[in-house]
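User: Hi! I've got a structure open here and would love to talk it through with you. Mind if I fire off some quick questions?

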Amino acid sequence: MAKPKKTPRPKAQTPKGFRDYFGTEVTHRAEMLSKIAAVYHRYGFDALESSGVETVEALGKFLPDVDRPNEGVFAWQEDSEGDKPGDWLALRYDLTAPLARVYAQHRNDLPMPYRRYAMGPVWRNEKPGPGRFRQFYQCDADTVGAPSVAADAEICAMLADCLEEVGIARGDYVVRVNNRKVLNGVLEVAGLAGDDKDTERGIVLRAIDKLDRLGPEGVRALLGEGRKDDSGDFTKGAGLEDAQADVVMGFMQAKRDSGAETVARLRELVAGSDVGVQGVDELELISDLLAAGGYGPDRVEIDPSVVRGLGYYTGPVFEAELTFEIKDEKGRARNFGSVAGGGRYDDLVKRFTGQEVPATGVSIGVDRLLAALAAKGRLASEATGPVVVTVMDRDRMADYQAMVAELRQAGIRAEVYLGNPKNFGNQMKYADKRQSPVVVIEGGDEQDRGVVQIKDMVLGAQMAQDASHDEWKERKNQYEVKRSDLIKAVRDILDRTS
């Protein structure tokens, strides 16, 4: 009789493009989200927690292919009901598309304008890479129903406040502002207006969006006949004449020493284009409004080189960039770069209602910000663990639990060792692995004398690294205190090491 085949054990590994987050990472993210939420709340924005699953139709950006809508989203089809096929559902790929659905669905019950912030994970079915995961956190704030660029200026100010709130010092960041309408005016002046120029405009938009990667020369090539990359692949260009390309390049290189000079240069470039002039007026108004609130060029500046998202946004577009240098994996210095972006997108709800509804918003890259703070040494590498109360006598577990309860009621994170207490060395190894700052020891002798032993784990680690034998004698990292002084003794150590 043949032996039944054993079911193979599943592999204990995360799916490709996903990762697990442990104590310190989760704690740091939660603290950052709390700080950002406090700024959003202070600005009058209300929290919104929408469903993590939307219909593919509501998401809008991704459409079904022949078999299933799998381009960029994690999607599945519900069971059919009778002759009616089931809906295609997908995990949300951002927090903006759900906002469009929420506003369209509940617009009669929501204030106008509607100001909301949302935080949570999003999922993208894209090829993963270094630092690029299929699940990540977004942290958004949007104003829906406000046509005035005062709403855009407010978003820029709020973004600057958020960066400073989480620990990015003034001078280490800048919020840069551009406007899609100015680009539209530039394209009009360059002779690229009209439906017959749609293909050329698309190539131009994609080209300028690659400015950071290709540099001015690479973009200029794509505006002309095209560009051959290092592998020999050729990308066809927009076929612009030199004079046309000069206008587009002039737009991206229009930044001057002051905001007023930059605005003046942009006015020269869009002369004769109504939409271009309107865009420059909006940039000037945003600058004036921010200056009135104390947000000068040291925090927010007009910069036409901000090109990301210009193909998507309909008006002002902004990006927060960290200006300090970090070392890459090869030890080379490089700028940290962008940590947030946003802009005005006035066709947000139009897919649902047929009516254009103005909207503007920003999305902060929380994981990028955490990486930046870590690079600046502004995040603790390890979170402080709990105080560990060891177990010297398993029959006295109630005494140890009472001791822990006392610590917790004093606001001190603490736990009783719940493993096998037979080997005391294992208890100390556990406390060390938990990054415990303090270990409390009370055996029968200590109980009889009304004392407890306090072991300062932080001082012990420091002494083990760099203390001489004489210093060990002078600085004891384990000592006894009265049982009644337990809370004070623990708190003294925590205050010193925090």
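User: Let's start broad: how many helices and strands does the chain have?
Analyst: Happy to help! Keep in mind that this is a predicted model. Its secondary structure comes to 18 helices and 18 strands. The chain is more spread out than a compact globule, because its radius of gyration is 29 Å, well over the 23 Å that the globule rule gives for 498 residues.

User: What does the C-alpha trace span along its principal axes?
Analyst: About 95 × 75 × 55 Å.

User: And what share of the residues is buried?
Analyst: Buried residues account for 45% of the 498 in the chain.

User: Let's zoom in on strand β5, then. Is it largely enclosed, or open?
Analyst: Strand β5 covers residues 114-123, and 8 of its 10 residues are buried, so the rest of the structure largely encloses it.

User: Which strands does β5 pair with, and in what sense?
Analyst: Strand β1 (residues 46-47) pairs with β5 in the parallel sense, over 2 bridges. With strand β6 (residues 135-144), β5 pairs in the antiparallel sense over 10 bridges.

User: Can you give me residues to click on? Which one in β5 is the bridge partner of A47?
Analyst: Try Y117, the partner of A47 in β5. For the β6 pairing, look at W123, whose bridge partner in β6 is Q135.

User: Switching to charge: how many positive and negative side chains are there?
Analyst: The chain has 69 positive and 81 negative ones, and the centres of the two sets lie 6 Å apart.

User: Last one: how much area does the chain expose?
Analyst: About 27,000 Å², with carbon and sulfur atoms supplying 48% of it.

How values were computed: Residues are numbered from 1 along each chain as its sequence is written. This is a predicted model: local features need pLDDT of at least 70, side-chain atom pairs count only at pLDDT 80 or more; totals for chains, interfaces and linings use all residues. Side-chain values use heavy atoms; hydrogens and water are left out. Buried means under 20% relative accessible area, exposed over 50%, partly exposed in between (1.4 Å probe, protein chains only). Helices (H or I, at least four residues) and strands (E, at least two) are DSSP runs, numbered from the N terminus. Two strands pair if DSSP finds at least two bridges between them. The radius of gyration is taken over C-alpha atoms; the globule rule is 2.2 Å times the number of residues to the power 0.38. Accessible areas come from the Shrake-Rupley method with a 1.4 Å probe; for residues, only the protein chains shown count as cover. Lys and Arg count as positive and Asp and Glu as negative; His and the chain ends are not counted. The place of a charge is taken as NZ of Lys, CZ of Arg, CG of Asp or CD of Glu.
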